[in-house]
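Please work through the following exercises with the sequence and the structure open beside you, taking each solution one step at a time.

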Amino acid sequence: MLAQPGPAPAGGSAAALAIAMGAGLVAMAARISVDDWDEAATTAAQAEALRRRAAPLAHADAEAYAEVLRLRRERASDEELGRAFERAAELPLMIAEVGADVAELAARAAPRVDPKVQGDAAAAAVLAEAGTRIAAHLVGINLATSEGDERIRRARELAEAATGASRRSVAAEG
């Protein structure tokens with residue numbers, strides 16, 4: 001899907017997959033740390049739950065944006081196209097919400113996991129940050145004609161939160 005020629009839906013799917021991979025890294029780092037960290041098992045379970053939320057959003061986002069592309073090709077009415085863009089904005093916002101949660105979980109885990117996997121926890125936060133930023137950007141694109149839309153502000157806040165968490169997790173490595 002991501003390497004298809006033409007304007008195939010891809011950015012939101014890539015964001016969701018990056019976030020899912022980040023959640024997987026947090027889960028792995030926490031599992032390796034169960035002997036030395038009391039909250040490791042709970043953290044691994046939370047990370048797995050977030051991974052299971054993120055992964056299906058890749059397909060859902062692709063479907064939502066495919067609908068936008070279809071309606072554009074068919075020269076649908078502005079009203080129909082507007083509804084499709086609304087739906088296409090909802091999915092990246094959901095992706096950004098999961099991404100900010102994964103980045104925060106990774107930031108909490110990074111200083112506590114076994115030192116041999118601290119880099120993996122930091123990588124998880126960076127992946128989640130990247131996915132969240134991509135998703136937030138797509139929310140803005142899909143709602144470009146909806147000036148002042150609350151969802152754009154919310155997406156930006158989620159991206160900033162993910163950036164802060166990512167910085168904390170990378171700093172925990174040192």
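**Exercise 1.** Within what distance do the axes of α3 and α4 come, and at roughly what angle do they cross?

*Solution.* Bear in mind at the outset that this is a predicted model. As a starting point, two packed helices are described by the angle between their axes and the distance between those axes. Here the axes of α3 and α4 approach to within 8 Å, and their crossing angle is roughly 160°. Because angles over 145 degrees count as roughly antiparallel, α3 is roughly antiparallel to α4. As for handedness, α3 passes α4 in a left-handed crossing.

**Exercise 2.** Describe which residues make the contact of α3 with α4, and how they divide by character.

*Solution.* On the α3 side, the contributors include F85, A88, P92, I95, G99 and V102, while those of α4 include A121, A128, G131, T132, A135 and N142. Sorted by character, the residues of this contact comprise 19 nonpolar and four polar ones, with no charged residue.

**Exercise 3.** Which helix gives the most residues to the largest nonpolar core?

*Solution.* The largest nonpolar core has 48 residues, and V26, I95, V98, V102 and V113 are those with the most contacts inside it. At least two residues of this core come from each of α1 (11-32), α2 (40-73), α3 (78-109), α4 (118-142) and α5 (150-173). It is α3 that gives the most, with 13 residues. A second, separate core consists of seven residues, among them A76, A84, F85 and A88.

**Exercise 4.** List the residues that I95 touches, leaving aside those up to four places away in sequence.

*Solution.* With those neighbours set aside, I95 touches G12, A15, A16 and I19, then L57 and D61, and finally G131 and A135.

Notes: Residues numbered from 1 in each chain as written. Predicted model: local features only at pLDDT ≥ 70, side-chain atom pairs only at ≥ 80, totals over all residues. Heavy atoms only, no water. Core = buried A, V, L, I, M, F, W, Y, C linked by side-chain atoms within 4.5 Å. Buried < 20%, exposed > 50% of the residue type's maximum accessible area, 1.4 Å probe, protein only. Helix = DSSP H or I, 4+ residues; strand = E, 2+ residues; numbered from the N terminus. Contact = heavy atoms within 4.5 Å. Axes fitted to C-alpha atoms, helices over the stretch in contact; angles between N-to-C directions. Parallel < 35°, antiparallel > 145°, perpendicular 65-115°, else oblique. Left-handed = near helix turned anticlockwise from the far one by under 90°. Nonpolar A, V, L, I, M, F, W, Y, C, P; charged D, E, K, R; others polar.
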